[in-house]
Amino acid sequence: EVQLVESGGGLVQAGGSLRLSCAASGFTFDDYAIGWFRQAPGKEREAVSCVSSHVGNTHYADSVKGRFTISTDDAKNTVYLQMNSLKPEDTAVYYCVAHLYYCSDNMAYWGKGTLVTVSS
C-alpha cells in the first residue's frame, strides 16, 4: 500500500522559512516522480514542485521559483520542500504526491496534507 506522510507544516511570519518532509512507503522510490501540490482556501489545487529521477528533471511553479527547493533522500525514501521567503499567499494545505515515472498534473497518490500558514 502506497503511503505518503507529510510533516513540518505550521505557522510562520512572512519572510520566514519552513521545511516540509514527506515519508514515502509502499513503492520503489526511484521509480516514482514525487513532489508537492498545495490548495489554498477557496482555490484550486496547484502543483508546486516535482522531481523525477527516472527522467532526471525537476519542476517548480513560477510562483515559488527561487524561493522553494525540492530535494530527496533516497536512503530514507523521503522528499523535502524547503520554503524560504514565505509570503501570505503561500498559505495552503500542502500535499505530498507521487506518480509512476513522470510528474503529472494528475498525480496518482496523495498524502493527507499539512497546513502551512504565513502571517503578514
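## Terms and basis of the model

A polar contact, as the term is used here, is a pair of N or O atoms within 3.5 Å; within protein, one of the two must be able to donate a hydrogen and the other to accept it, and residues adjacent in sequence count only if both atoms are side-chain atoms. One such polar contact, of 3.4 Å, joins the side chains of Arg 38 and Ser 63.

This is a predicted model, in which local features need pLDDT of at least 70 and side-chain atom pairs count only at pLDDT 80 or more, while totals for chains, interfaces and linings use all residues. Residues are numbered from 1 along each chain as its sequence is written, and side-chain values use heavy atoms, with hydrogens and water left out.

## Overall architecture

The protein contains 11 strands and zero helices, where helices (H or I, at least four residues) and strands (E, at least two) are DSSP runs numbered from the N terminus. Along its principal axes, the C-alpha trace spans about 40 × 30 × 25 Å. The radius of gyration is 13 Å, which agrees with the value near 14 Å that a compact globule of 120 residues would have; this radius is taken over C-alpha atoms, and the globule rule is 2.2 Å times the number of residues to the power 0.38.

Of the 120 residues, 40% are buried, a term that means under 20% relative accessible area, with exposed meaning over 50% and partly exposed in between (1.4 Å probe, protein chains only). Among contacts (heavy atoms within 4.5 Å) between residues at least 6 apart in sequence, 58% join residues at least 24 apart.

## Surface and charge

The protein exposes about 6,300 Å², and carbon and sulfur atoms supply 46% of this area; accessible areas come from the Shrake-Rupley method with a 1.4 Å probe, and for residues only the protein chains shown count as cover.

There are 9 positive and 12 negative side chains, and the centres of the two sets lie 7 Å apart. In this count Lys and Arg are positive and Asp and Glu negative, whereas His and the chain ends are not counted; the place of a charge is taken as NZ of Lys, CZ of Arg, CG of Asp or CD of Glu.

## Three buried residues

Arg 38 belongs to strand S4, which covers residues 32-39, and counts as buried because its relative accessibility is 6%. Leaving aside neighbours within four places in sequence, Arg 38 is in contact with a list of residues that includes Glu 44, Glu 46, Ser 63, Phe 68, Glu 89, Asp 90 and Tyr 94. Ser 63, one of these residues, is also the partner of Arg 38 in the side-chain polar contact described at the start.

Ser 49 lies in strand S5 (residues 46-52) and, at 5% relative accessibility, is likewise buried. A polar atom of the Ser 49 side chain lies 2.9 Å from the backbone oxygen of His 59. Beyond its neighbours within four places in sequence, Ser 49 is in contact with Gly 35, Trp 36, His 59, Tyr 60, Ile 70 and Leu 81.

Leu 18, in strand S3 (residues 18-25), is buried with a relative accessible area of 16%. Its C-alpha atom is separated by 6.8 Å from that of Asn 84, although the two residues are 66 apart along the chain. The contacts of Leu 18, with neighbours within four places in sequence left aside, include Gly 8, Val 12, Leu 81, Met 83 and Val 116.

## Residues with more exposure

Glu 1 sits in the segment before strand S1 (3-7) and is exposed, with a relative accessible area of 78%. Apart from neighbours within four places in sequence, Glu 1 is in contact with Ser 25 and Gly 26, and the C-alpha atoms of Glu 1 and Ser 25, 24 residues apart along the chain, are separated by 7.7 Å.

Thr 72, in strand S7 (residues 68-73), is partly exposed at 37%, and its side chain makes a polar contact of 3.3 Å with the side chain of Asp 74. From C-alpha to C-alpha, Thr 72 and Ser 120 are 30 Å apart in space, with their positions 48 residues apart in sequence.

## Two loop residues with positive phi

Most residues other than glycine have a negative phi. Asn 77, in the loop between S7 and strand S8 (78-83), has a positive phi near 50° and counts as partly exposed at 25% relative accessibility. Ser 85, found in the loop between S8 and strand S9 (92-100), also has a positive phi, of about 50°, and is partly exposed at 43% relative accessibility.
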